[in-house]
Structure formats: C-alpha cells, structure tokens
Amino acid sequence: MGDTVLESLLAIVLWIFSYLIGSISAAILVCRLFGFPDPRSQGSHNPGATNVLRVGNKFAAALTLVGDVGKGVLPIVIARELGMPETIAALCGFCAFLGHLYPVYFDFRGGKGVATAFGVLGTLHWPTLLMVGGIWLLVFFTTRFSSLASIAAFFLAPFILLLSYPELFHPILVLCLLLLFRHRHNIVLLIKGQEQGFRHPHADD
C-alpha cells in the first residue's frame, strides 16, 4: 500500500516537472540569445524551428529543433531511470508536449508540437518513430507541405502504435489529437487549396 502511494506521488511530481520542462520554449530563448525577433511576432507567429529559420538563421533553427525534441525525450528517460511503469513514462512525455503547446512561462502561447511529439514517440518506441517519420518524409517530399506531412504522420501514428505497442495507444492518441487540433488552421487552408507550401508562413510546424 505504501509503495503504491509513493509511486503515485512520484508520478504526479514527474508529470508536473515534465510540463514545466516542456514549457521552456527553445525558439523564444534561442531568438533572445541571438538577438532575433520573437518568433511569435513575425513569420508564422509559431515558436518552432521552421519559424526560427525564417526570422533567424540555420544554426538558431537547429538549436531550437534539438531543444524541442530533447524536452520530449528527457522526462521519459528520467521516469524510466526512476523505475516508473511505461504508462507513467508515456504520460511524462505527454505532459512535456502539453507544456510545449501551452507554456506557463510564455503566456501559454506555444508551438504546434511536432518536434516534441517526435521526441516523445522516438523515446517510447523507436520502430514506430521510423514508420511515422517515413510517412512524414514521403508526404513532405511528395507535396512540399510540411503541415500536411505532420497532419498525415500523426493522424496515423496512434494506429501504427496500436499494432506494435498497444499499451501506449491512449496517451499517444490524445497527444496526436491535440497536435491535429493545433494544425486546424492549416487543415482549413489545405481544404481551401490556399496552403502555399513549406516556405509559406502558414505551413510552419
């Protein structure tokens, strides 16, 4: 009984910690470090690696990408090192992803979560990451729409995971639904035929 209570308390602490880690916006911090404009104020207004490339440079965008992926990886690794069950570790990844979308440090104005979602998925189950990443690349190089690539890849991700790692289906399903919700404007533009491709502001992930 005591061990169960301690595990539950540790899980709650880890989830809060994961959300706070996820709330650290690599895009905003990198732009401040290099003296670039706030990525929320220019380009696509999205604090993600693609928009940092737009308002800054390739090195700043690469740092942002590493930071966004890393905060999806770190909480899961910590949870596993502490011996927590895989479902709790998966929820740590989800909380980090939630922090990226709605960061407490930056007025809850976050990014769309694609890089962080890839970090979460890859840490939980790398074979699924390879398949989802393959879908992203196929759609992107076929259409040149990064938004469409992200939508297609993460629409299919929960079902791919269901076949290979069904225990993690539900947390990843919720994560992917949130990611699709964050792309709702891109979906409308795609339906209207107004999405302009990778370099267009609306196509940013």
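## A starting point: Ala 89

Let us begin inside the chain: Ala 89 sits in helix α5. Keep in mind from the outset that the structure shown here is a predicted model. Is Ala 89 buried or exposed? Its relative accessibility is 0%, and buried means under 20%, so Ala 89 counts as buried.

Which residues does Ala 89 touch, once its neighbours within four places in sequence are left aside? The contacts are Ile 76, Ala 79, Arg 80 and Leu 124. You can also look for Val 77, which is 12 residues away from Ala 89 along the chain. The C-alpha atoms of Ala 89 and Val 77 are separated by 7.8 Å.

## The whole chain

Now step back and view the chain from end to end. How many helices and strands does it have? There are 10 helices and zero strands. Reading from the N terminus, the order of elements is therefore a simple one to write down: α-α-α-α-α-α-α-α-α-α.

What about the overall form? A compact globule of 205 residues would have a radius of gyration near 17 Å, and the chain agrees because its own value is 17 Å. Along the principal axes, the C-alpha trace spans about 55 × 40 × 25 Å.

## Inside and outside

Of the 205 residues in the chain, 49% are buried. The accessible surface of the chain amounts to about 9,800 Å². Carbon and sulfur atoms account for 72% of that surface.

Contacts tell you how the chain comes back to itself. Take the contacts between residues at least 6 apart in sequence: 65% of them join residues at least 24 apart. Charges can be placed in the structure as well. The chain has 13 positive and 11 negative charges, and the mean positions of the two groups are 15 Å apart.

## The cysteines

A disulfide is a covalent bond between the sulfur atoms of two cysteines. How many disulfides does this structure hold? The count is zero. Cys 176, for example, is in no disulfide, and its nearest cysteine sulfur belongs to Cys 95, 15 Å away. A disulfide needs two cysteine sulfur atoms within 2.5 Å, so a gap of 15 Å does not qualify.

Two cysteines can be checked for burial against the cut-off of under 20%. Cys 176 has a relative accessible area of 1%, so it is buried. Cys 31, with a relative accessibility of 1%, counts as buried too.

## Two phenylalanines in helices

Find Phe 140 in helix α7, which covers residues 126-143. Phe 140 has a relative accessible area of 6%, so this residue is buried. Ser 150 is 10 residues from Phe 140 in sequence, and their C-alpha atoms are 8.4 Å apart in space.

Next, turn to Phe 17 in helix α1, made of residues 2-22. Is this residue buried or partly exposed? Its relative accessibility is 33%, which means that Phe 17 counts as partly exposed. Phe 17 and Val 69 lie 52 residues apart along the chain, with 16 Å between their C-alpha atoms.

## A loop with positive phi angles

Most residues other than glycine have a negative phi. With that in mind, look at the loop between α5 (86-101) and α6 (114-124), where Asp 107 has its place. The phi of Asp 107 is near 60 degrees, a positive value in a residue other than glycine. Phe 108 is also in the loop between α5 and α6, and the phi of Phe 108 is likewise positive, near 60 degrees.

How do these residues meet the surface? Asp 107 is exposed because its relative accessible area is 60%, and exposed means over 50%. Phe 108 has a relative accessible area of 46%, so it is partly exposed.

## Another loop: His 45

Where is His 45? This residue is in the loop between α2 (26-34) and α3 (49-55). His 45 counts as partly exposed because its relative accessibility is 45%.

Not counting residues up to four places away in sequence, His 45 touches Pro 39, Arg 40 and Asn 51. Pro 158, by contrast, is 113 residues from His 45 in sequence, and their C-alpha atoms are 28 Å apart in space.

Key:
Residues are numbered from 1 along each chain as its sequence is written. This is a predicted model: local features need pLDDT of at least 70, side-chain atom pairs count only at pLDDT 80 or more; totals for chains, interfaces and linings use all residues. Side-chain values use heavy atoms; hydrogens and water are left out. Helices (H or I, at least four residues) and strands (E, at least two) are DSSP runs, numbered from the N terminus. The radius of gyration is taken over C-alpha atoms; the globule rule is 2.2 Å times the number of residues to the power 0.38. Buried means under 20% relative accessible area, exposed over 50%, partly exposed in between (1.4 Å probe, protein chains only). Contact means heavy atoms within 4.5 Å. Accessible areas come from the Shrake-Rupley method with a 1.4 Å probe; for residues, only the protein chains shown count as cover. Lys and Arg count as positive and Asp and Glu as negative; His and the chain ends are not counted. The place of a charge is taken as NZ of Lys, CZ of Arg, CG of Asp or CD of Glu.
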